[in-house]
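This report describes one chain, working from its exposed loops to its core and its pocket. The sequence and structure are shown first.

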Amino acid sequence: MAKLEPPEGCSFLDGLEVRVAFGGVWKQSLSELSGGQRSLLALSLILALLLFKPAPLYILDEVDAALDLSHTQNIGRMIKTHFPHSQFIVVSLKEGMFNNANVLFRTKFVDGVSTVQRTVASKQSK
């Protein structure tokens, strides 16, 4: 859970603070969060803002680097479900994100030369 609220004793005109709870326990400071929790919080805030004011194209570079496989899969499903009219270019090294892609571009070295392989997802997985 997360919420934006004014600092204690202030109004929203003075600014807002991010408050977050994991497992029902509200954190006193964002510094208490792990790297994965910080990634989830930042990505949740960004995706919430994008739902409010969508854009046609987004580029995300390894947003799942600090996340485990289940969270990576959930992020991939959420992007696919909630942003059907937007295009995402996502750089990821995790299989959980690949499973939700419509098109994959894989890069690798072959005989010292960088190559790109394009794969289109089957209609069953869409």
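## Accessibility and the loop at Pro 54

A residue counts as exposed when its relative accessible area is over 50%, as buried when that area is under 20%, and as partly exposed in between. The model discussed here is predicted, and the classes below should be read with that in mind.

Pro 54 sits in the loop between helix 1 (35-52) and strand 4 (57-61). Its relative accessible area is 57%, so Pro 54 is classed as exposed. Although Pro 54 and Phe 83 are separated by 29 residues in sequence, their C-alpha atoms are 8.4 Å apart in space.

## The annotated region

According to UniProt, in an unreviewed entry, residues 32-111 carry the annotation "domain: RecF/RecN/SMC N-terminal". Across residues 32-111 the chain is 45% helix and 22% strand, and the C-alpha atoms at the two ends of this stretch lie 46 Å apart.

## The nonpolar core

Which residues make up the largest nonpolar core? It has 12 residues, namely Leu 40, Leu 43, Leu 47, Leu 50, Tyr 58, Leu 60, Leu 67, Ile 75, Ile 79, Phe 83, Phe 88 and Met 97. At least two residues of this core come from each of helix 1, strand 4 and helix 2, and helix 1 gives the most, with 4 residues.

Phe 83, a member of this core, has contacts that can be listed once its neighbours within four places in sequence are left aside: Leu 47, Leu 50, Leu 51, Tyr 58, Met 78 and Phe 88. Among these partners, Leu 47, Leu 50, Tyr 58 and Phe 88 also belong to the core.

## The largest pocket

The largest pocket has a volume of about 820 Å³. Its lining comprises 23 residues, of which Phe 88, Ile 89, Val 90, Ala 101 and Val 103 are the closest to the centre of the pocket. Two or more lining residues are given by each of helix 2 (69-82), strand 5 (87-91), helix 3 (95-98) and strand 6 (103-110). By residue class, the lining divides into 14 nonpolar, 7 polar and 2 charged residues.

Ile 89, one of the residues closest to the pocket centre, lies in strand 5. Because its relative accessibility is 40%, Ile 89 counts as partly exposed. Leaving aside neighbours within four places in sequence, Ile 89 is in contact with Leu 57, Tyr 58, Ile 59 and Leu 60. The C-alpha atoms of Ile 89 and Ala 101, which are 12 residues apart in sequence, are 9.5 Å apart in space.

## Positive phi angles in two loops

Most residues other than glycine have a negative phi. Against that background, Glu 62 has a positive phi of about 50° although it is not a glycine, and Asp 111 likewise has a positive phi, of about 55°, without being a glycine.

Both of these residues are found in loops: Glu 62 lies between strand 4 and helix 2, whereas Asp 111 lies between strand 6 and strand 7 (113-120). Are they buried, partly exposed or exposed? Glu 62, with 35% relative accessibility, counts as partly exposed, while Asp 111, with a relative accessible area of 78%, is exposed.

## Trp 26 and the start of the chain

Trp 26 belongs to strand 3 (residues 25-26) and has a relative accessible area of 28%, so Trp 26 is partly exposed. Not counting residues up to four places away in sequence, Trp 26 touches Met 1, Ala 2, Lys 3, Arg 19, Val 20 and Ala 21. For one of these partners, Ala 2, the separation along the chain is 24 residues, and the C-alpha atoms of Trp 26 and Ala 2 are separated by 8.8 Å.

Note on methods. Residues are numbered from 1 along each chain as its sequence is written. This is a predicted model: local features need pLDDT of at least 70, side-chain atom pairs count only at pLDDT 80 or more; totals for chains, interfaces and linings use all residues. Side-chain values use heavy atoms; hydrogens and water are left out. UniProt positions are given in the numbering used here, feature names are shortened, and annotations may be inferred rather than shown by experiment. On a 1 Å grid over the protein atoms alone, a cavity is a set of points where a 1.4 Å probe fits but cannot get out, and a pocket is an open set with protein on both sides within 12 Å along at least five of seven lines; lining residues have an atom within 4 Å of a point. Grid points are joined across faces, edges and corners, and a volume is the space filled by probe spheres set on the points. Ala, Val, Leu, Ile, Met, Phe, Trp, Tyr, Cys and Pro count as nonpolar, Asp, Glu, Lys and Arg as charged, and the others, Gly among them, as polar. Buried means under 20% relative accessible area, exposed over 50%, partly exposed in between (1.4 Å probe, protein chains only). A nonpolar core is a set of buried Ala, Val, Leu, Ile, Met, Phe, Trp, Tyr and Cys residues joined through side-chain atoms within 4.5 Å. Contact means heavy atoms within 4.5 Å.
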